[in-house]
Amino acid sequence: MSVPVLRVEGLSVEFPASGGRGLFKPKTTFKALSEISLSLVAGEALGLIGESGSGKTTLGKAIVGLVPTSQGRIEVAGTELDVQKDADRSALACQVQMVFQDPFSSLHPRKTVGNTLSEPFRIQKTVESSAQPGKVAALLQRVGLDPAHAARYPQHFSGGQRQRIAIARAIANQPSVLVADEPVSALDVSVQAQILNLLDELKAQENMAMLFISHDLSVVRHLCQRIAVMYLGRIVEIGPAKAMAASPVHPYTAALMSAVPRVKARNKAMSKPIVLKGDVPSHAAIPSGCPFHTRCWLYAKKGQPERCRSEVPDLVGVGADRQSACFFPQEADPSAAGA
Ligand code: SF4
């Protein structure tokens, strides 16, 4: 087994609760992420899926140091990095980079593309200033843009081209990990596949690990070797993408997979979509016990076991390279759901 380039252990993030502010009110917080552990090896893509509010983006931001963590550790290439320390934050910025969802707001409108792309070299002091124009031209070429356009501003580019520029900026210093947060969801459908192919190619060429955050399961299955499913700030299932699509072992994964037409077509047991009742609860009022029990079809089917309401299930091994946080993993397959 290769040494992970990224290892996250017991990572938690807390945000202030809106009702807790005020002179005489005690400060209250809510947990946006609870004890997240995962690892990535070089050249691997891990897809992070879950409904809105599951904590996917918060996890991506915590890994690149954009939101403070309250607990846990982040190791890059075997070295623990503490984002509270300037030197470690700088090392993290060199090794782990993020591509954001919206290429319209992630690029500075008053900076030329050349200026934006040479910024990582200036900040990290990785390239002499005399060599920067050449490096910028090479970066533009690598992402399929004309190097002669380095003097242009972001508004002169389409959405897809802007996302290529954002990707070029992210890979400028050859990071070992790329966090891609819904990188195509703000783009026209016509250019989405091109950007996904570009990310896939760069990952292979650079032997980068990629954490790919998306709500589109068919894209995640196509691009990623493994999948982690999040619900209310926790990972509820993680494992190989093919195995998880064929036989989910968490009722939430089963529900998500049952909504993907291509997965359903290959798996007759998933011919009926599993409809989850209600919305994801607020992070400020996470249900007791298993956080999913208020929407869990298996909990209802099993006659609402007390254990689901009172105990939080741990993420435990349920097979080769596979973990699930459900007390009844053997019963959470789609045929059980359709029954
Ligand atoms: Fe559903 Fe209970 Fe499993 Fe939670 S532990 S996912 S409520 S069956």
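**Figure 1. Lys111 and Glu119 pair up.** Partly exposed here means a relative accessible area between the buried limit of under 20% and the exposed limit of over 50%. This is a predicted model, and in this close-up Glu119 comes out at 22%, so it counts as partly exposed. Lys111 is also at 22% relative accessibility, so partly exposed is the label for Lys111 too. The two side chains meet in a salt bridge, with N and O 2.4 Å apart. Side chains of opposite charge can pair when their charged atoms come close.

**Figure 2. Glu237 and Arg322 form a buried salt bridge.** The closest N and O atoms of Glu237 and Arg322 sit 2.9 Å apart. Glu237 belongs to strand 10 (residues 234-240) and Arg322 to strand 12 (residues 322-324), so this pair ties together parts that are 85 residues apart in sequence. Both Glu237 and Arg322 are buried.

**Figure 3. Lys302 and Glu331 link two loops.** Look for the salt bridge between Lys302 and Glu331, where the closest N and O atoms are 2.8 Å apart. Lys302 is in the loop between helix 11 (297-301) and helix 12 (306-310), while Glu331 is in the loop between strand 12 and helix 13 (334-338), so the pair joins parts that are 29 residues apart in sequence. Lys302 is partly exposed, at 32% relative accessibility, and Glu331 is partly exposed as well, at 34%.

**Figure 4. Five charged residues share a network.** Here Arg7, Glu9, Arg73, Glu75 and Glu80 are joined into one network by salt bridges that share partners. Across the structure, the count comes to twelve salt bridges.

**Figure 5. Asp88 is buried but has no salt bridge.** Asp88 is part of helix 2 (residues 86-95). The nearest side chain of opposite charge is Lys85, 4.7 Å away; a salt bridge needs the nitrogen within 4 Å of a carboxyl oxygen, so Lys85 does not make the cut. Setting aside neighbours within four places in sequence, Asp88 is in contact with Glu80, Leu81 and Asp82.

**Figure 6. A cavity lined by 13 residues.** The structure holds one cavity of 30 Å³ or more, and the largest cavity has about 90 Å³ of space. Nearest its centre are Pro251, Cys290, Cys296, Cys308 and Cys326. By class, the lining has ten nonpolar, two polar and one charged residues.

**Figure 7. Helix 9 is mostly covered.** In helix 9 (residues 251-258), eight of the eight residues are buried. Among them are Pro251, Tyr252, Leu256 and Met257. Pro251 also turns up in the lining of the largest cavity.

Conventions:
Residues numbered from 1 in each chain as written. Predicted model: local features only at pLDDT ≥ 70, side-chain atom pairs only at ≥ 80, totals over all residues. Heavy atoms only, no water. Helix = DSSP H or I, 4+ residues; strand = E, 2+ residues; numbered from the N terminus. Buried < 20%, exposed > 50% of the residue type's maximum accessible area, 1.4 Å probe, protein only. Lys, Arg positive; Asp, Glu negative; His and termini not counted. Contact = heavy atoms within 4.5 Å. 1 Å grid on protein atoms, 1.4 Å probe; cavity = no way out; pocket = protein on both sides within 12 Å on 5 of 7 lines; lining within 4 Å. Points joined across faces, edges and corners; volume = space filled by probe spheres on them. Nonpolar A, V, L, I, M, F, W, Y, C, P; charged D, E, K, R; others polar.
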